[in-house]
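Please look over the sequence and the structure shown here before reading on. The report that follows moves from the whole chain to its sheets, and then to two single residues.

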Amino acid sequence: QKKVLIALLAINGGMFAVITNTMLDFATANIGGGGELKIRATNVVSFPPSFTVTNAYRLCLDTDVSAAGNWTIMTNAVLTHSPNFYGGPNQERRISLAIAGNLTIALGGAIDVSDRGYAGSSGPGAGTGDSVNASHGGRGASSSTPSATYGSVRQPTTHGSGNTTGTGANPGGGSVVLSVTGNTAIDGDIRATSTVGGRRAA
């Protein structure tokens, strides 16, 4: 199958997924438009020795990524993964990033996987409504039997569970696993929370 080489990409508020038949070299490609660029195959993706995530688009790492060199997430830039719409026990998407260099998150930049975990009312600690909130490493608020806890409190790598309340489906927070051999400087944020439905998801 013929591979498609990306040189110029304007996402224009939409999304573009890089899969096995799409070649992308971040050192030479011109990408913009403010949408989401989803990396779902790394055998056709090349990163420069010094890679900067800008606010020209939102970068979604939907598969394991290993890169040599330094990574910088600039002000107003966001690194994330795609939402996990599937309600089953497996995590479809998460950030698993290994950097053989330094990681810098500038003030105002973020790794943000909020609301991208298990879908509403799904996951090992799913909530059952307004009175029984979702659980994760700790128990969610409950007026009766609480949802089960799971994962690690100190080193969580699992998605947060979802809930469904009077406001609709409330997805849990996503997950981020970072391995950095150099220095890590965080002046921005790393967020993995639930922001909708009164935060009754995990």
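## Surface and overall form

Accessible areas are obtained by the Shrake-Rupley method with a 1.4 Å probe, and for residues only the protein chains shown count as cover. On that basis the accessible surface of the protein comes to about 9,700 Å², and 49% of this surface belongs to carbon and sulfur atoms. This is a predicted model, in which local features need pLDDT of at least 70 and side-chain atom pairs count only at pLDDT 80 or more, while totals for chains, interfaces and linings use all residues. Residues are numbered from 1 along each chain as its sequence is written, and side-chain values use heavy atoms, with hydrogens and water left out.

The protein has zero helices and 20 strands, where helices (H or I, at least four residues) and strands (E, at least two) are DSSP runs numbered from the N terminus. Its radius of gyration, taken over C-alpha atoms, is 18 Å, close to the 17 Å that the globule rule gives for 202 residues, so the protein is as compact as a globular protein of that length; the rule itself is 2.2 Å times the number of residues to the power 0.38. Along its principal axes the C-alpha trace spans about 55 × 35 × 25 Å.

Of the 202 residues, 44% count as buried, a word that stands for under 20% relative accessible area, with exposed meaning over 50% and partly exposed in between (1.4 Å probe, protein chains only). Among contacts (heavy atoms within 4.5 Å) between residues at least 6 apart in sequence, 54% join residues at least 24 apart.

## The sheet of six strands

Strands of a sheet pair through backbone hydrogen bonds, either parallel or antiparallel. Here, two strands are taken to pair if DSSP finds at least two bridges between them. An open sheet of six strands, paired in parallel, follows the order β3-β6-β9-β12-β15-β20. At its edges stand β3 (15–18) and β20 (189–191), each with a single partner strand, so one side of each is left without a neighbour in the sheet. Neighbouring strands of this sheet are turned by 20 degrees against each other on average, direction ignored, with axes fitted as lines to C-alpha atoms and angles running from 0 to 180 degrees between N-to-C directions.

Within this sheet, strand β6 (residues 36–39) pairs with strand β9 (residues 58–61) in the parallel sense over four bridges, and Glu36 stands opposite Arg58 in β9.

## The sheet of three strands

A further open sheet, of three strands with parallel pairing, has the order β10-β13-β18. Its edges are β10 (65–68) and β18 (176–180), each having a single partner strand, so one side of each is left without a neighbour in the sheet. The twist from one strand to the next averages 15 degrees. Five bridges join the parallel strands β13 (residues 95–100) and β18, and the bridge partner of Ile95 in β18 is Val176.

## Two residues in their surroundings

Asp62 lies in the loop between β9 and β10 and is buried, with a relative accessible area of 5%. Its side chain makes a polar contact (a pair of N or O atoms within 3.5 Å, one able to donate a hydrogen and the other to accept it; residues adjacent in sequence count only if both atoms are side-chain atoms) with the side chain of Arg40, at 3.0 Å. Leaving aside neighbours within four places in sequence, Asp62 is in contact with residues including Lys38, Arg40, His81 and Arg93.

Ser46, in strand β7 (residues 45–46), is partly exposed, with a relative accessible area of 36%. Beyond its neighbours within four places in sequence, Ser46 is in contact with Leu24, Asp25, Phe26 and Ala27.
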